[in-house]
Amino acid sequence: MASLLTLSDSEEVRLAETATRIREHVVEMLLAAGSGHSAGPLGMADVFTALYFSILNIDPADPWKPDRDRVVLSNGHICPVWYATLAERGYFPVSLLPTLRQLGSPLQGHTHIRSAPGVENTSGPLGQGLSQGVGMALAASLDGAGWRTHVLLSDAEHQEGQIWEAAMFAGKHRLHNLTAWVDRNNIQIDGYTEDVMPLEPLRAKYEAFNWYVIEIDGHNFKAIVDAARHAEAIYERPTVVICHTIPGRGVDFMERDYRWHGVPPDREQARRAVQELRSLRGRIASEAE
Amino acid sequence: MIVTEAHLVEGLFERELPSKAPRDGFGDGLVVLGERNPDVVVLTGDLADSTRVSAFRDRFPDRFFQVGVAEQNMMGIAAGLAICGKIPFCSSYATFSPGRNWDQLRVSVCYSEANVKVAGAHAGLSVGPDGATHQALEDIAITRVLPNMTVVVPCDYHQTLKATIALAEHRGPAYFRFGRERTPIFTTPETPFELGRAQVLRHGSDLTIVACGPLVLEALKAARTLAAEGIEARVLNCHTIKPLDVEALVAAARETGALVTVEEHQIHGGLGSAVAEALALHHPAPMEMVAMPDSFGESGRAEELLEKWGLTAPAIVERARRVLRRR
C-alpha cells in the first residue's frame, strides 16, 4: 500500500524502542503475576504502541476527556500489553505494572472498565468487544461527535457467533467511525486456529459483511499508521485491519508457538526474554544513530 | 381492608375491571421518556411490535435500533451506548433476553455498571399457546443473582408504565419483566410507585401474602376469601425483587407471623427464594410458596395454564390455610 501519511524514520525508531520497552514490561509483569498470557501481548505490542504513540487523539493527563478516541479490547486476556502501553504513555506510573493480578490492584487479570485510567471496557469472555465498540460508535454518531472507536480483537474469538452479529450490524449501519484491529496470529489455546476451527478466508468473510478490509504486517509501524489513516478516509463502511502478527514476537523461544498462548515465563525464561529484548532495543538505538 | 393510600381502582371486586396488556405500559412509558429525555434509546431484536416499542420507533426513529435476531449483540451494543452516556432499553422476550444473552448481561452490563435497562416481555406462564420454550419462568433467578442489578416485576399496565419511567431515572443496570396477555388494571395513575419499596395494598395481621406481577390481584382476591373466614391477610406488592425491601418483609414476619409468596416463576430462585433468604437471616417465620413447581410449562390458554399449575386465588387460599397451621 502506498503510504498516505508516512511516519518519518526517526518516529519509527522511537516507536520500535517504545514497543520493545513495553514487551520488557509484559515479560516482567507476567513473571511477577505467576499466571497470564504471553504470546498475544507480545504479538500486539507494536499495534498498541502505534495506537497510543501515533494514532489516537488522547491525553494521558485528561484520560476521560469527552472527545477522546475510544479503545475497546475484546480479547481481555492480552491486557498486560494494554496496561504496559498505558503506563509507558503516562496514564499511570510504571511502578504499578508489577501489581498485575494481585489482590487490590487496579490491574485485573482481565480488564475491568475504568479500574485504571485509560481502561475503557470490561472484557474476558471472548466475542463481546465488537458489540461494545459498535454501541460506542453509535453513541458518537447520535451526538455528532468526531471521535473514533478502535476495537482490538483476537483471531480465534471470531469463532464466537456474537462477533458476526456485531459485524452484520456495523455493516448495515455503515459505521465508518469504527476501526477493528484483528490480531491474526494463527494461534489459540488448543493449537493453531486453522486446526481448531478454520477462520479463513477471513478477509472474504468481512468483505461479505460489508466491511472495508486492510491487511498489514502487524509489526510494521508505517503500515499500522497508514492503515489507521486509510480507515479514517473510508466513509462508506466500517474498516477492519487484519494485522498479521507473530505470537510471542521479540522473544525467540516464544515466537509462533501456540503453547505460549496461556502461560507465563518462569524466572529463567523471563531473564532470557528480557535480555533478548534489551539487546534488541540497544540495536534499534545504535542502528538509528 | 384495602389500604386507602394505595389508590387502587374503586369497586375492586364489585365489577369487571378494564384490562390492558402490561407491555402497553412499557411502550407508552417509552414514548413519555422519549419526549422527556434525549438520552433514552431503544433496541429490539426483531420484536418491535410485540414488545410494543414500535410507537417509540415511529416517534424517535434516530434513537431506535433494530438489531435483528441477535440478542447477544443487542446487549453488547446497549452496553457500549450506556458507557457513552445513553440510557438504552433492550426489548425482547424474556426467554431470549436475559435468557440467551446472560453472559453479555453479566460482563458487558452488570460488571461494567453500564446503565442498561433490559425489558423481558412475554414473561411467565401466561404467554400461553406458544408453549414452554417461550414461557420465561427462570428470568428472575438469573438476573437477581447478578451484582449491581435491579429487578422489577410490575403488576399491571399503570405500574409497568411507572416502572419504565422510574428505571430510566435510576442509574444502573436493571431488568424488568411483564406478560403478554391483557390483565386487569387494578392500580391507578395515583397509586404510588417507588423502586425498592414493597407496597402494602391490604392491611392484615394474621398472615402476609407477598406477590409480584399480575398475580398480585389474585393475592387480593385470596385475601378477600380468607376475610370471609375471619382471617385477615396483609397483601404486599413486592414489585422490586432486588433490592428487596427487607424492612417491609421483616415487619410482615414479625407482625403477622406467617407468609405466602406468589409469583409466575419457578419455585427456585424467584421472589419466594428471595423472601426466604431474607427472612432466614433476619426473622425466620413459616412460609409457603405459590410458584411453578420446578416444571416446564406447555401450550394452552393463559387461564387454563394458571389453573393447571395452581397460580390462582384458590391455590393461594389453600397455602394460606396451610401456613397458618404451621404458625
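**Entry 1: a term and a residue**

I count a residue as buried when its relative accessible area is under 20%. The model I examined is a predicted one. With that cut-off I looked up Arg234(B): its relative accessible area is 13%, so Arg234(B) is buried.

I then asked which residue Arg234(B) meets in a salt bridge. The partner is Glu255(B), and the N to O distance is 2.7 Å. I noted that this pair links distant parts of the chain, since Glu255(B) belongs to helix α8 (residues 246-256) of chain B and Arg234(B) to strand β11 of chain B, 21 residues apart. Unlike the buried arginine, Glu255(B) is partly exposed, at 43% relative accessibility.

**Entry 2: the strand that holds Arg234(B)**

I next examined strand β11 (residues 233-237) of chain B as a whole. Five of its five residues are buried, so the strand is largely enclosed by the rest of the structure. In a regular strand, side chains alternate between the two faces of the sheet. I therefore sorted the residues of β11(B) by side: Ala233(B), Val235(B) and Asn237(B) lie on one, Arg234(B) and Leu236(B) on the other, and both faces are covered because all of these residues are buried.

Which strands are joined to β11(B), and in which direction do they run? I found that β9 (residues 199-202) of chain B is antiparallel to β11(B) and joined to it by three bridges. In this pairing, Gln199(B) has Asn237(B) as its bridge partner. Strand β10 (residues 207-211) of chain B runs parallel to β11(B), with five bridges between them. Here I recorded Val235(B) as the bridge partner of Ile209(B).

**Entry 3: two residues with 0% accessibility**

I looked up Ser38(A) in the loop between α1 (9-33) and α2 (39-43) of chain A. Is Ser38(A) buried or exposed? Its relative accessibility is 0%, so I count Ser38(A) as buried. A polar atom of its side chain lies 2.5 Å from the backbone oxygen of Val263(A). Beyond its neighbours within four places in sequence, Ser38(A) is in contact with several residues, among them Leu30(A), Met254(A), Trp260(A) and Pro265(A).

In chain B I chose Leu167(B), which is in helix α6 (residues 157-169). Leu167(B) is also buried, with a relative accessible area of 0%. Not counting residues up to four places away in sequence, I found that Leu167(B) touches Lys117(B), Thr150(B), Val152(B), Ala174(B), Phe176(B) and Leu195(B). For one of these, Val152(B), I noted a C-alpha separation of 9.0 Å from Leu167(B), the two being 15 residues apart along the chain.

**Entry 4: further salt bridges**

I searched the whole structure and obtained 38 salt bridges over all chains. One of them joins the side chains of Glu194(A) and Arg184(A), at 2.8 Å from N to O. Glu194(A) is in helix α7 (residues 193-196) of chain A and Arg184(A) in strand β3 (residues 178-184) of chain A, so the pair ties together parts that are 10 residues apart in sequence. Arg184(A) is buried, at 2% relative accessibility, while Glu194(A) is partly exposed, at 30%.

I also examined Arg322(B) and Glu318(B), whose closest N and O atoms are 3.3 Å apart in a salt bridge. Both lie in helix α11 (residues 313-326) of chain B; because they are four residues apart, about one helical turn separates them. Arg322(B) is partly exposed, with 32% relative accessibility, and Glu318(B) is likewise partly exposed, with 32%. I found that these two belong to a network of salt bridges that also includes Glu288(B), Arg319(B) and Arg326(B).

**Entry 5: where the chains meet**

Finally I turned to the interface. Contact involves 25 residues of chain A and 23 residues of chain B. The area buried between the chains is about 2000 Å², and carbon and sulfur atoms give 62% of that area. Which three residues supply the most of the area that chain A buries against chain B? They are Gln128(A), Leu142(A) and Glu165(A), which supply 25%.

I found one salt bridge across the interface. It is formed by Lys86(B) and Asp143(A), with the closest N and O atoms 2.5 Å apart. The search also gave 11 residue pairs in polar contact across the interface. On the side of chain A that touches chain B, two or more residues come from each of α5 (129-143) and α6 (161-172) of chain A. I noted that α5(A) gives the most, with nine residues. By type, the residues of this side are 10 nonpolar, 10 polar and five charged.

Definitions and conventions: Residues numbered from 1 in each chain as written. Chains lettered and ligands numbered in written order. Predicted model: local features only at pLDDT ≥ 70, side-chain atom pairs only at ≥ 80, totals over all residues. Heavy atoms only, no water. Contact = heavy atoms within 4.5 Å. Buried area = accessible area lost by both parts, 1.4 Å probe. Salt bridge = Lys/Arg side-chain N within 4 Å of Asp/Glu carboxyl O. Polar contact = N/O pair within 3.5 Å; in protein donor to acceptor, adjacent residues only side chain to side chain. Nonpolar A, V, L, I, M, F, W, Y, C, P; charged D, E, K, R; others polar. Buried < 20%, exposed > 50% of the residue type's maximum accessible area, 1.4 Å probe, protein only. Pairing = 2+ DSSP bridges.
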